[in-house]
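Student: I'd like a close look at one part of this model, the place where the protein meets the nucleic acid. Could you walk me through it in one go?

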There are 2 protein chains.
Amino acid sequence: MVMQQINPSSQPENLDAVFAALADPTRRAILTRLANGDASVSELAEPFHISQPAVSKHLKVLERAGLVERAIDKQRRPAQLKAEPMHEAVKWLEEFSKFWSSSFDQLDDLLEELKKSES
Amino acid sequence: MVMQQINPSSQPENLDAVFAALADPTRRAILTRLANGDASVSELAEPFHISQPAVSKHLKVLERAGLVERAIDKQRRPAQLKAEPMHEAVKWLEEFSKFWSSSFDQLDDLLEELKKSES
DNA sequence: TTGTTGCATAACCATATGGTTATATAAAAG
DNA sequence: CTTTTATATAACCATATGGTTATGCAACAA
């Protein structure tokens with residue numbers, strides 16, 4: 001079983017790719033499935049009722065986001081979950097919520113609107 | 001080979017839209033800007049160096065995700081942050097991390113902090 | 001009334017998705 | 001050698017993004 005290092009990048013620029021990868025229900029389901037263990041392309045295609053090339057495409061999107069790595073096992077290319085890049089997404093949400101929770105309340109919004117309407 | 005429950009949590013329809021909305025750096029910047037207070041289209045366009053129609057398009061994407069609401073103030077259409085849908089994204093990540101316990105300690109910590117700041 | 005501001009929308013372009021079927025190829029099975 | 005299996009890739013289609021410029025329109029400003 002030879003490992004294949006395809007996308008080790010886990011940088012903030014990758015946030016776009018991570019969020020985009022998570023924006024598809026099939027890909028989220030694939031990730032959840034992979035959380036239960038590695039799976040080959042055909043193993044992934046079966047429960048989702050989509051073609052094998054469709055799964056290969058989804059896996060490419062996930063690979064670009066760094067959320068999946070592929071191995072080589074004879075003819076199979078089992079996909080393996082790599083959740084590190086999800087930390088970036090969580091970190092962004094965390095930063096945002098810090099920022100937002102202090103300033104987001106209905107009173108502040110009302111006051112803001114009032115100030116604008118006064119002018 | 002029989003697959004059981006692929007997806008642990010039945011997800012709200014617009015989880016797709018929320019993640020997709022967050023997948024663009026300009027939209028994330030717009031959201032951060034709106035966390036400081038409502039802003040009109042032209043106020044948003046200026047710092048991002050993109051055209052006014054481009055901002056209008058981004059706002060439509062954010063509106064469809066439920067992350068932004070528009071007001072009517074004379075000719076202006078100030079955008080207002082609605083962060084609630086982001087909770088869905090956080091919830092999905094939280095559910096996911098439950099399923100994937102291995103080497104997810106860091107993510108668990110981040111999610112804990114997120115839960116605190118949400119309340 | 002005329003001009004200006006704020007915004008939406010149309011029209012257009014290039015690229016990415018998300019799916020398909022068809023085909024190519026390598027490895028395993030016979 | 002032939003066939004089957006597992007996967008990739010090409011070719012194609014429809015739709016969504018992300019940007020532009022052009023244009024229209026309502027609301028203000030003068």
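Student: To start with, how far is a polar side-chain atom of B:Ser42 from a phosphate oxygen of DNA strand C? And please carry on from there to the rest of that surface and the charged pairs.

Tutor: Bear in mind that this is a predicted model. For B:Ser42, a polar side-chain atom sits 2.7 Å from a phosphate oxygen of DNA strand C. Two other residues do something similar: B:Lys60 places a polar side-chain atom 2.9 Å from a phosphate oxygen of the strand, and for A:His58 the corresponding distance is 2.2 Å. A:His58 also turns up among the closest residues to DNA strand C, alongside A:Arg27, A:Ser51, A:Lys57 and B:Ser56.

Zooming out a bit, 22 residues surround DNA strand C. Sort them by class and you get nine charged, eight polar and five nonpolar residues. On the DNA side, sugar or phosphate accounts for 63% of the strand's atoms within 4 Å of the protein, and bases make up the rest. As for secondary structure, three helices each supply at least two residues of this surface: H4 (52-64) of chain A, plus H3 (41-48) and H4 (52-64) of chain B. The largest share, five residues, comes from H4(A).

Now for the charged pairs. Side chains of opposite charge can pair when their charged atoms come close. Over all chains, the count comes to eight salt bridges. One of them is between the side chains of A:Asp16 and B:Arg28, at 2.7 Å from N to O. A:Asp16 lies in helix H1 (residues 15-22) of chain A and B:Arg28 in helix H2 (residues 25-35) of chain B, so this pair joins two chains. The two ends sit in unlike surroundings: A:Asp16 counts as partly exposed because its relative accessibility is 23%, while B:Arg28, at 8%, counts as buried.

Next, take helix H3 of chain B, which helps build the surface near the DNA. B:Glu43 and B:Arg76 meet there in a salt bridge, 3.9 Å from N to O. B:Glu43 is in helix H3 of chain B, whereas B:Arg76 is in the loop between strand S1 (68-70) and strand S2 (79-81), so the pair links distant parts of the chain, 33 residues apart. Both partners are partly exposed: B:Glu43 has 36% relative accessibility, and B:Arg76 has a relative accessible area of 22%. B:Arg76 has another partner too, forming a salt bridge with B:Asp73 in which the closest N and O atoms are 2.6 Å apart. B:Asp73 itself counts as buried, at 9% relative accessibility. Over in chain A, salt bridges that share partners join A:Glu43, A:Asp73 and A:Arg76 into one network.

Last, a word on confidence before you feed any of this into a calculation. Chain A averages a pLDDT of 79, and 73% of the residues score at least 70. Over residues 1-10 of chain A the pLDDT is below 50, and that stretch has 21 contacts in the model beyond near neighbours in sequence. Residues 103-119 of chain A also stay under 50, with 19 contacts beyond four places in sequence.

Technical notes: Residues are numbered from 1 along each chain as its sequence is written. Chains are lettered from A and ligands numbered from 1 in the order in which they are written. This is a predicted model: local features need pLDDT of at least 70, side-chain atom pairs count only at pLDDT 80 or more; totals for chains, interfaces and linings use all residues. Side-chain values use heavy atoms; hydrogens and water are left out. A residue is near a molecule or strand if one of its heavy atoms lies within 4 Å of it. A polar contact is a pair of N or O atoms within 3.5 Å; within protein, one must be able to donate a hydrogen and the other to accept it, and residues adjacent in sequence count only if both atoms are side-chain atoms. Helices (H or I, at least four residues) and strands (E, at least two) are DSSP runs, numbered from the N terminus. Ala, Val, Leu, Ile, Met, Phe, Trp, Tyr, Cys and Pro count as nonpolar, Asp, Glu, Lys and Arg as charged, and the others, Gly among them, as polar. A salt bridge is a side-chain nitrogen of Lys or Arg within 4 Å of a carboxyl oxygen of Asp or Glu. Buried means under 20% relative accessible area, exposed over 50%, partly exposed in between (1.4 Å probe, protein chains only). pLDDT is the predictor's confidence in each residue, from 0 to 100. Contact means heavy atoms within 4.5 Å.
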